[in-house]
Amino acid sequence: MGGQILEYEAKTIYRNGREEGIKEGINNKLVQQINKKLEKGYHLDQIADALEETVETIEQLIKEYKLG
C-alpha cells in the first residue's frame with residue numbers, strides 16, 4: 001500500500017512540474033515576442049493587441065524582465 005501512495009505522489013509531482021514547465025515556456029515565448037515588438041517601435045497597446053494580451057500583462061512582463 002505504501003508503494004501505491006509513493007507512486008501517486010510521484011505522478012502528481014511530475015504532472016505539476018510539467019504544467020509549470022509548459023507555462024514557463026509559453027511565458028518565455030511571449031517575452032521574446034514583446035521584446036521584438038519593442039525593438040520595432042511598437043507601442044504598448046499595439047503589442048497587447050497583436051499578442052492578444054492586456055496592456056497590464058505586457059507592462060508587467062516588461063518590468064519583470066527589464067525589457068525595452
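These are legends for four views of one predicted model.

**View 1. The whole chain is built from three helices and zero strands.** Starting at the N terminus, the order of elements is α-α-α. The radius of gyration is 18 Å, well over the 11 Å that the globule rule gives for 68 residues, so the chain is more spread out than a compact globule. Along the principal axes, the C-alpha atoms fill a box of roughly 60 × 20 × 15 Å. Just 16% of the 68 residues count as buried.

**View 2. Here's the largest nonpolar core, with ten residues.** The set is Leu30, Val31, Ile34, Ile47, Ala48, Leu51, Ile58, Leu61, Ile62 and Leu67. Helices H1 (2-39), H2 (44-51) and H3 (55-64) each chip in at least two of them. Zoom in on Ala48 and, leaving out residues up to four places away in sequence, you'll find it touching Glu53, Thr54, Val55 and Ile58.

**View 3. Glu52 sits in the loop between H2 and H3.** Its phi is near 55°, a positive value in a residue other than glycine. Most non-glycine residues have a negative phi. Glu52 counts as exposed because its relative accessibility is 71%, over the 50% cut-off.

**View 4. Lys66 turns up in the segment after H3.** This is another residue other than glycine with a positive phi, here near 50°. The relative accessible area of Lys66 is 73%, so this residue is exposed. As for charge across the whole chain, there are 10 positive and 13 negative side chains, and the centres of the two sets lie 6 Å apart.

Note on methods. Residues are numbered from 1 along each chain as its sequence is written. This is a predicted model: local features need pLDDT of at least 70, side-chain atom pairs count only at pLDDT 80 or more; totals for chains, interfaces and linings use all residues. Side-chain values use heavy atoms; hydrogens and water are left out. A nonpolar core is a set of buried Ala, Val, Leu, Ile, Met, Phe, Trp, Tyr and Cys residues joined through side-chain atoms within 4.5 Å. Buried means under 20% relative accessible area, exposed over 50%, partly exposed in between (1.4 Å probe, protein chains only). Helices (H or I, at least four residues) and strands (E, at least two) are DSSP runs, numbered from the N terminus. Contact means heavy atoms within 4.5 Å. The radius of gyration is taken over C-alpha atoms; the globule rule is 2.2 Å times the number of residues to the power 0.38. Lys and Arg count as positive and Asp and Glu as negative; His and the chain ends are not counted. The place of a charge is taken as NZ of Lys, CZ of Arg, CG of Asp or CD of Glu.
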